Amino acid sequence: MGFCVSVGRILRKGKCFVLVLLCLSVLAWIANFSGEIAKSIQVSFNMTQIPVKADTLRDHLTKHASTPPLKVKCPQTSPLLKGAVKLSFEPSLTLKDVENDNKGVTEGKYAPTDCTARQSVAILIPHRNREKHLLYLLHHLHPFLQRQQIHYGIYVIQQAGDTTFNRAKLLNVGYLEALKEYSWECFILHDVDLVPENDHNLYVCDKQPKHLVVGRNVTGYKLRYKGYFGGVTAMTQKQFDKVNGFSNSYWGWGGEDDDLRIRVQLQKMTIVRPPADIARYTMVFHKRDSGNEANKDRMQLLRQTQQVWRKDGLNSCSYKTLSIERLPLYVNVTVDIGKP
Ligand code: BGC
């Protein structure tokens, strides 16, 4: 009460300056006092933290002393690429020769040892009675993929029995079976009789589905037609899932690759291709196999793609796996896919 009265008196006398000074000193005292409190809290906090930090460091050092250093990501362009190579198709070549040349491959799989591959890629090869073609392809493909520093696995999907061949359904089976082994990011859908000539034709997936065969020796290295999407194609897991894979309904030669292109276009994806001087293939000569006659219904089927793609594809692919052999150079999936 007395204080208020005196303050009132000071104010009244116009001695504001004294009041301001008084307030400032009170504030300074409060600040100093809280600083001291903060310091003492910090000291006690640090004292309890120091031993914890030391333990963590010791654990870390013990844990990492024996782990090898982390691998770096492989470069965008592999330094091992050779460009266009002269392909050989020696009649005397054996599977044992190819195995001996590829000691770093286990059960068809390989990953670079000194860097981490940029993509994991499953190569799916539909097959029946084309042993020699398969041998030539494996002979060239393994070193080709290793030069590209890719983490890859090769799957050969064998159609059991002698009913009409169905390339598309075998590729659907290959996709589903390969994913049971590993979550591959990219899939290369590969004909057995096409051998790539230039290792700058990268077996990796793009933002859009990629068609890798611009030219083949047998057709003067010209693109067969604008919408051609056959031979060798690269699609990510996401892209292939989005189109529900291939149709299962194309029995015999032709049409299934055009159907896949329509599915891709229906999903508003576009097809990309590497430059023509790189995307070149040698086709190993063969006659049309028996059991793979041209499919005369293919034009009719192609007219229905838009109506049926949602229910004809990966989600309706029924088959019976007869065996899975993990051979040195590839995983051999033998499958009963039924008949037309
Ligand atoms: C067929 C395709 C084939 C292409 C090139 C087309 O008529 O429908 O399946 O890939 O010809 O041979």
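**Figure 1. Lining of the second largest pocket in the predicted model.** The lining has 13 residues. Pro-75, Gln-76, Arg-118, Leu-202 and Val-204 are the ones nearest the pocket centre. By class, the lining holds six nonpolar residues, six polar residues and one charged residue. The space in this second largest pocket comes to about 290 Å³.

**Figure 2. Residues around the ligand.** Arg-224, Tyr-225 and Tyr-228 belong to the shell. So do Trp-253, Gly-254 and Gly-255. Asp-257, Asp-258 and Arg-298 complete the surroundings. Four residues of the shell are charged, three are nonpolar and two are polar.

**Figure 3. Polar atoms beside ligand oxygen atoms.** Arg-224 places a polar side-chain atom 2.5 Å from an oxygen atom of the ligand. For Asp-258, a polar side-chain atom lies 2.6 Å from a ligand oxygen atom. Gly-255 takes part through its backbone: a polar atom there is 2.8 Å from an oxygen atom of the ligand. How much of the ligand does the protein bury? Taken alone, the ligand exposes 310 Å², and the protein buries 83% of that.

**Figure 4. Confidence along the protein chain.** The average pLDDT of the chain is 85. A score of at least 70 is reached by 79% of the residues. Over residues 1–65, pLDDT stays under 50. For this stretch, the model has three contacts beyond four places in sequence.

Definitions and conventions. Residues are numbered from 1 along each chain as its sequence is written. This is a predicted model: local features need pLDDT of at least 70, side-chain atom pairs count only at pLDDT 80 or more; totals for chains, interfaces and linings use all residues. Side-chain values use heavy atoms; hydrogens and water are left out. A residue is near a molecule or strand if one of its heavy atoms lies within 4 Å of it. A polar contact is a pair of N or O atoms within 3.5 Å; within protein, one must be able to donate a hydrogen and the other to accept it, and residues adjacent in sequence count only if both atoms are side-chain atoms. Accessible areas come from the Shrake-Rupley method with a 1.4 Å probe; for residues, only the protein chains shown count as cover. Ala, Val, Leu, Ile, Met, Phe, Trp, Tyr, Cys and Pro count as nonpolar, Asp, Glu, Lys and Arg as charged, and the others, Gly among them, as polar. pLDDT is the predictor's confidence in each residue, from 0 to 100. Contact means heavy atoms within 4.5 Å. On a 1 Å grid over the protein atoms alone, a cavity is a set of points where a 1.4 Å probe fits but cannot get out, and a pocket is an open set with protein on both sides within 12 Å along at least five of seven lines; lining residues have an atom within 4 Å of a point. Grid points are joined across faces, edges and corners, and a volume is the space filled by probe spheres set on the points.
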